[in-house]
Amino acid sequence: MKKKITHYSGIGGQAVLEGVMMRNKDLYAVAVRKPDGQVHVEIDEYHGVLSGSPLLRIPFIRGIFVFIDSLVLGTKALNRSADFYEDEEEDATGADKAADAVTGGKGDKVFSVLTTVFAFALAIGLFLILPERLSAWMNTYLQSQALQAVAEGIIRIAIFILYILAITLMPDIKRLFRYHGAEHKCINCIESGLPLTVSNVKRSSRFHKRCGSSFILFVLVVSIILFMFINTESVAMKLLYRILLLPVVSGISYELIRFAGKSDNPVISIISKPGLLLQRLTTKEPDDSMIEVGIASVEAIFDWRTYQKDVFGFDFADEDEEDVLE
């Protein structure tokens, strides 16, 4: 039995449809449990919008581009995982054929773009316009710009939590959150110095301070502070300033979660608590088959044995990895 120590591995990922995507620097892998039960793994490279640029080394600036890259790669991985299930479906319907005829055979891509645009518009409406309008109505009683900003932030957080609770009722989302748990547990297993096996992953925590859910919560809290400084009566200008400040908010939030992921500082641990509590909604316990998919994704792009030998001094080459437990 080895003492539990946690170190930063540099890998991250997300859940996808019936699978897990893991990324290590410019390499990423999408592992999916196909309808026939087999685990399919695809490895590819992703170079961000400013790959190699010195801007990516500047605090508070780099977070903006890391956030953009995460959205782009995350969407790409999610769409790729969906392809495995679309391939198993019946032949295209009349509507699909008509869409392909109109778009020159690019119906799927056009639909994907339209879905993204709709999702973006919905997010703006739910998380920017609605909270601002509700807090403006409350300002009749608050009589304070600062209190209105706080009320707006609280409403925004409440809407986000209600949104998470609502989508959790969907069976596909429930399974997605279980794969999200598998992703976290695999990373925690590695960063605790344990061999990456199903039994060790099962014993690892499904909560992680670098989680995207925690990042979103940081964004919501940081936005409360920054939006306090917006002083205008124009609704249109308020919304414009909020949109323009989103890169600043994401840049600050990225530095906070980056530091939280590398530090056991008591203050940072306290700040991270709300995000870890939120993960009780966005992650669920995976079964063994889901953990196997997570392990396959990690091993495709990350040499965890070498990492643990370099960081912890552990060498599992001559040991039975299943016998090394927390």
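Trainee: Let me start with one residue: how do I read the burial of Asn-79, and what is its relative accessible area?

Mentor: Asn-79 has a relative accessible area of 37%, so it is partly exposed. The rule is that buried means under 20% relative accessible area, exposed means over 50%, and partly exposed is in between, using a 1.4 Å probe and protein chains only. Before we go on, this is a predicted model, where local features need pLDDT of at least 70, side-chain atom pairs count only at pLDDT 80 or more, and totals for chains, interfaces and linings use all residues. Residues are numbered from 1 along each chain as its sequence is written, and side-chain values use heavy atoms, with hydrogens and water left out.

Trainee: Where does Asn-79 lie?

Mentor: In helix H1. Helices (H or I, at least four residues) and strands (E, at least two) are DSSP runs, numbered from the N terminus. Now look across from Asn-79 to Ser-112: the two are 33 residues apart in sequence, and their C-alpha atoms are 8.7 Å apart in space.

Trainee: Can we try that on another residue? How far apart in space are Leu-217 and Ile-161, C-alpha to C-alpha?

Mentor: That distance is 9.9 Å, with their positions 56 residues apart in sequence. Leu-217 belongs to helix H7 and is buried, at a relative accessible area of 12%.

Trainee: On to rings. How many aromatic pairs are there?

Mentor: A pair of aromatic rings is described by the distance of the centres and the angle of the planes. Rings of Phe, Tyr and Trp (its six-membered ring) pair if their centres lie within 6.5 Å; planes under 30 degrees apart count as stacked, over 60 as edge-to-face, and the rest as tilted. By this rule the count is six. One of them joins Phe-67 and Phe-215, a tilted pair with 5.5 Å centre to centre and 35° between the planes.

Trainee: Why does that pair tie together parts that are 148 residues apart in sequence?

Mentor: Because Phe-67 lies in helix H1 (residues 62-86), while Phe-215 lies in helix H7 (residues 212-227). Phe-67 is partly exposed, at 33% relative accessibility, whereas Phe-215 is buried, at 11%. Next, try Tyr-307 and Phe-312: they form an edge-to-face pair, 6.1 Å centre to centre with 80° between the planes. Tyr-307 is buried at 10% relative accessible area, and Phe-312 is buried at 13%.

Trainee: Which residues do ring pairs link into a cluster?

Mentor: Phe-127, Phe-160 and Tyr-163. Rings can also have a charge over them, when NZ of Lys or CZ of Arg is within 6 Å of the ring centre and within 35 degrees of the ring normal. Here Arg-80 lies over the face of Phe-84, 4.5 Å from the ring centre. Arg-242 lies over the face of Phe-227, at 4.9 Å from the ring centre.

Trainee: What about empty space: how many cavities of 30 Å³ or more does a search of the whole structure find?

Mentor: One. On a 1 Å grid over the protein atoms alone, a cavity is a set of points where a 1.4 Å probe fits but cannot get out, and lining residues have an atom within 4 Å of a point. Points are joined across faces, edges and corners, and the volume is the space filled by probe spheres set on them. The largest cavity holds about 40 Å³. Phe-227 and Arg-242 turn up again here, among the residues that line the largest cavity.

Trainee: Which helix gives the most to that lining?

Mentor: H4, with four residues. Helix H4 (145-167) and helix H8 (235-262) each supply at least two lining residues. The lining divides into three nonpolar, two polar and three charged residues, where Ala, Val, Leu, Ile, Met, Phe, Trp, Tyr, Cys and Pro count as nonpolar, Asp, Glu, Lys and Arg as charged, and the others, Gly among them, as polar.

Trainee: And how many disulfides does the structure hold?

Mentor: Zero. A disulfide is a pair of cysteine sulfur atoms within 2.5 Å. For Cys-189, the closest cysteine sulfur is in Cys-186, 7.2 Å away, too far for a bond. Cys-189 is buried at 0% relative accessibility.

Trainee: Last one, backbone angles: what is the phi of Lys-25?

Mentor: Lys-25 has a positive phi of about 60°, although it is not a glycine. Lys-25 sits in the loop between strand E2 (19-24) and strand E3 (27-33) and is exposed, at 70% relative accessibility. Phe-60 also isn't a glycine, and has a positive phi of about 75°. You'll find Phe-60 in the loop between strand E4 (39-45) and H1, partly exposed at 47% relative accessible area.

Methods. 1 Å grid on protein atoms, 1.4 Å probe; cavity = no way out; pocket = protein on both sides within 12 Å on 5 of 7 lines; lining within 4 Å.
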